[in-house]
Amino acid sequence: MKNLYLSISVFLIFIFSVIAQSPESFNYQAVMRDNGGDIIANQAMGLQFTIHQTSASGTTVYQETFNQTTNNFGLINLQIGKGSVVSGIFADIDWANDTYYLETAVDVSGGTNYASMGTSQFVSVPYAMFAKSSGDSYWKPKNDGNGIGYKAGNVGIGTLTTAPHDQLEIRMNDGDPDALNLRLNNSHPDTYSRMLFNNDQLNNLVIGLNSSNYQFGANEAFIWLFEDFDIKFGTSGTERLRIKNDGKIGIGTATPASQLQVKGGDIYLEDIGDGVIMKSPDGNCWRLTVDNSGNPVFTSITCPTN
C-alpha cells in the first residue's frame, strides 16, 4: 500500500487561491491517482500539511491534518488553514518577510501513518495574505526605486525613495515636463472623462471634460456640485473666493450679499477704454468710465451678447 500512495505524488495537482470570505486559508485541490495513472475514487484519505520557513527542510511554522474522501473523479477539496492544527498558528505566518514551503503527506488508508509526497515552494503568495502580514513594512520596487510601492494600505507610483504617505501617491524627479501625468481618457465622442469625489454622505463633486459630441455641452470642462454646497478657493491657508450654492460670488467674504461682492480690496480696471457696463430700464447699455479729472463718463454702447 505504501508504494501505491507514494506514487500518487507524481499525479498531484495543486491549485491555491485566497478564500474571499476568510483570508486565513487557501483553497487546495488534489486528484489522487495510483501508480498506473488510474483515479482513486471514493476512498478515505488522511492528509498532513506542513509549512516550512526559509527552505524545504526549514523550521516548521505550521502543521495540520485532514480526513477527506475522494469523489467519483478522485478529487479532494479542502482549505489549508482550516484543518486540525498540530502546531503553529496559520494567521501568524509572516508571508511578507521570508519564503515558505508546503510539504504534503498522505495516508491512503485514511489513517495517520503519513508518508511525504514532497515539498514545494510557495512561488507567489496571494496578495491579501501578503498585504495583511506586511503591516507597516515597506514593500518597495527593486528597480532603483522606480515602480510601484506599498505600505500599510498606501500605494506609491514612480520614484519611491521613501514609503508612500497617502492612499495613492505619485512621485517623479525627472527633467522631462511630460514625465509625470495622470491621464483620464475616454475617446468616445458621446461621453466624458471625469473624476468623482464622494464624502461620508455620498455627496458628489465632479471634475471633468466633455467629449466632442456630448449632449449636455460639447468640449466643455466642468467642476460640478450636485448638492447645495458652496465652492471655495484659497491660498496660503486662507480663503480668497467663494461661490455660494445660490450662485453669488464673494471675494474676501464668505457671505456675499449680492451677485458679486468684494471685501478688503479694490477692483482695478487698467485699460482706458474699459469700465463697468450697465443696462438702463429702456434696454440700452452704458459703459461707465472716468476722465482725466476723475469725473464719471457714461458712453452709450451696444449691449454685449453671448
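These legends accompany several close-up views of the structure shown above, which is a predicted model.

**View 1. Five strands form an open, antiparallel sheet.**
Let's begin with the order of the strands, which reads β5-β3-β2-β6-β7. Look for β5 (84-88) and β7 (115-121) at the edges: each has a single partner strand, so one side of each is left without a neighbour in the sheet. If you compare strands that sit next to each other here, they are turned by 15° against each other on average, direction ignored.

**View 2. β3 pairs with β5 through four bridges.**
Here you can follow strand β3, residues 60-69, as it runs antiparallel to β5. Two pairs of residues are good places to start. Glutamate 64 has valine 85 of β5 as its bridge partner, and tyrosine 62 stands opposite glycine 88, also in β5. While you trace a strand, keep one rule of thumb in mind: in a regular strand, side chains alternate between the two faces of the sheet.

**View 3. β2 and β3 make a hairpin.**
How many bridges hold β2 and β3 in their antiparallel pairing? Nine bridges join the two, with β2 covering residues 44-53. One of the paired positions is threonine 50, whose bridge partner in β3 is glutamine 63. Between the two strands of the hairpin there are six residues, and threonine 54 takes a positive phi near 80°.

**View 4. Three strands, β18, β19 and β20, build another open sheet.**
The strands follow the order β18-β19-β20 and pair in the antiparallel sense. β18 and β20 are the edge strands; each has a single partner strand, so one side of each is left without a neighbour in the sheet. From one strand to the next, the twist averages 30°. Zoom in on β18 and β19 and you will find four bridges joining them. In one of these strand contacts, lysine 279 has cysteine 285 of β19 as its bridge partner. Remember that cysteine, as it returns in the next view.

**View 5. One disulfide is present in the structure.**
Which two residues form the disulfide? The partners are cysteine 285 and cysteine 303, and their sulfur atoms are 1.9 Å apart. The link is right-handed, with 105° about the S-S bond. Cysteine 285 belongs to strand β19 (residues 285-290), while cysteine 303 lies in the segment after β20 (296-301), so the pair links distant parts of the chain, 18 residues apart. Is cysteine 285 buried or exposed? With a relative accessibility of 4%, cysteine 285 is buried. Cysteine 303, in turn, is partly exposed, at a relative accessible area of 23%.

**View 6. Four charged residues share a network of salt bridges.**
The structure holds five salt bridges, and the network shown here links Asp230, Glu239, Arg242 and Lys244. Begin with lysine 244 and aspartate 230, whose closest N and O atoms are 3.0 Å apart. Lysine 244 sits in the loop between β15 (238-243) and β16 (249-251), and aspartate 230 in the loop between β13 (221-225) and β14 (231-235), so this salt bridge ties together parts that are 14 residues apart in sequence. Lysine 244 is partly exposed at 24% relative accessibility, and aspartate 230 is partly exposed at 24%. Then move to glutamate 239 and arginine 242, whose side chains meet in a salt bridge of 2.8 Å, N to O. Glutamate 239 is partly exposed, with a relative accessible area of 31%. Arginine 242 is buried, with a value of 15%, because the cut-off for buried is under 20% relative accessible area.

**View 7. Lysine 248 and aspartate 246 form a salt bridge.**
The closest N and O atoms of this pair are 3.0 Å apart. Lysine 248 is partly exposed, with a relative accessible area of 23%. Its partner, aspartate 246, is partly exposed too, at 46% relative accessibility.

**View 8. Nine residues make a nonpolar patch on the surface.**
The patch has an area of about 800 Å² and is made by Ile251, Leu260, Val262, Ile267, Leu269, Val276, Met278, Trp286 and Phe298. Two strands, β17 (260-262) and β18 (276-279), each supply at least two of the residues in the patch. Valine 262, for example, lies in β17. This valine is partly exposed, with a relative accessible area of 31%.

Note on methods. Residues numbered from 1 in each chain as written. Predicted model: local features only at pLDDT ≥ 70, side-chain atom pairs only at ≥ 80, totals over all residues. Heavy atoms only, no water. Patch = residues over 30% accessible without salt bridge, like charges linked within 9 Å, V, L, I, M, F, W, Y side chains within 5 Å. Areas by Shrake-Rupley, 256 points an atom, 1.4 Å probe, with all protein chains shown as cover. Buried < 20%, exposed > 50% of the residue type's maximum accessible area, 1.4 Å probe, protein only. Pairing = 2+ DSSP bridges. Axes fitted to C-alpha atoms, helices over the stretch in contact; angles between N-to-C directions. Disulfide = S-S within 2.5 Å.
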